[in-house]
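Let us take a model and work through it by question and answer.

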Amino acid sequence: PASVIERIAALRAELDLHAHRYYVLDEPSIPDAEYDRLFKELQALEAAHPELLTPDSPTQRVGGKPLGQFASVRHRIPMLSIRTETDTEATGARNFDTRVRKELGLKESDPPVEYVAELKFDGLAMSLRYENGVLVQAATRGDGEVGEDVTQNIRTIRQIPLRLPADAPPVMEVRGEVYMRRDEFEALNERQREKIAKGAKGEKTFVNPRNAAAGGVRQLDPAFAAERRLSFFAYGVGEITPPEEGGPVFETHFELLQTLKSWCFPVAAQTRLAYGAPELIAFHEAIGRQRDQLPYDIDGVVYKVNSLALQRKMGFVSREPRWAVAHKYPAQEQLTT
Ligand SMILES: Cc1c[n+]2nc(N)[nH]c2nc1OC(C)C
């Protein structure tokens, strides 16, 4: 019945929009009760018309039965690690800029290199594969070449779209970090302490949000993964439909991040363009001051050459890009939980 098909499509689109505004933009557009009413109406229509149920429906986030193990996934484009600048002082930023300028053969008198400065989230790297706009696979980094298929668990992260807008390319792998917010971490440990106090066996508290996130991603039962209430930030792409096959053309990394945001992926608000070493140093110092107030853990900042042509020109040293570096802070004293 056309009217049911139309109503289901309209409900899915509206629920996805409200979820994006609530979970990603943190600007809820309707009261929770109204969202729940729409959600229940969609569930009822899908129950009455199971042939219309599709995996990208917002009702299908916490689905699937517990797995016995995770399948292996070979990354079509390796998930590279990133070099770490060991000097935790601001001069670390200058070291990177000096190295980039040397590799690009720039003279002192040449203009500053344009970089993108980003947060380095203390979570776990994840690759999200979308085909024809639908999330078909999520894989951990593993050893960079082969990771684990954790799709069922990743689908429970409300910040990760199950379906992309129509202007997204036929194939796209979004790379980013799965992490746990500090407030979610505290709430989880509170729940764990209560379970332990009631004598539950095999329950423990977690040392830090990263461990709790990594444990959540590797739950065999997606219902338990959903309980961890994980989050996600996008910071790049892996395989993507090439321009000659109709894929998008990006000149710069910053443009790519803005496009990912337009496709409903969370991109950290602090991400910014930085011209030359002075602006990298300013970013490193500004984020260093904000660090304790952020709602999630970071272990540093990341600088990337913005021009994708220059990135290609610079390439990689073994498995690490020459065009990027992670500039870490001293380890943060963990708040006693
Ligand atoms: C491992 C990694 C981690 N991070 N984190 C950000 N923000 N960008 C970023 N890029 C990475 O790797 C690319 C340089 C390939």
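The turns below cover the ligand and two helix pairs.

This is a predicted model, in which local features need pLDDT of at least 70, side-chain atom pairs count only at pLDDT 80 or more, and totals for chains, interfaces and linings use all residues. Residues are numbered from 1 along each chain as its sequence is written, and side-chain values use heavy atoms, leaving out hydrogens and water.

Q: Which residue offers a backbone N or O atom 2.8 Å from a nitrogen atom of the ligand?
A: Residues around the ligand (a heavy atom within 4 Å) include Glu118, Leu119 and Lys304. A polar contact with the ligand is a pair of N or O atoms within 3.5 Å. Glu118 uses its side chain, at 2.9 Å from a ligand nitrogen. Lys304 also uses its side chain, at 2.9 Å. The backbone atom at 2.8 Å belongs to Leu119.

Q: Is helix 3 roughly parallel or antiparallel to helix 9?
A: Helices are DSSP runs of H or I, at least four residues, numbered from the N terminus. Helix 3 (residues 91-103) and helix 9 (residues 276-290) pack at about 150 degrees, axes 8 Å apart. Angles run from 0 to 180 degrees between N-to-C directions, with axes fitted to C-alpha atoms over the stretch in contact. Angles over 145 count as roughly antiparallel, so helix 3 is roughly antiparallel to helix 9.

Q: How many charged residues are in the contact of helix 1 with helix 2?
A: Helix 1 (residues 2-24) and helix 2 (residues 32-48) pack at about 145 degrees, with axes 10 Å apart. Their contact (heavy atoms within 4.5 Å) includes Arg7 of helix 1 and Glu41 of helix 2. Asp, Glu, Lys and Arg count as charged. Beside 11 nonpolar and 1 polar, the charged residues number 6.

Definitions and conventions
Helices (H or I, at least four residues) and strands (E, at least two) are DSSP runs, numbered from the N terminus. Angles under 35 degrees count as roughly parallel, over 145 as roughly antiparallel, 65 to 115 as roughly perpendicular and the rest as oblique. A polar contact is a pair of N or O atoms within 3.5 Å; within protein, one must be able to donate a hydrogen and the other to accept it, and residues adjacent in sequence count only if both atoms are side-chain atoms.
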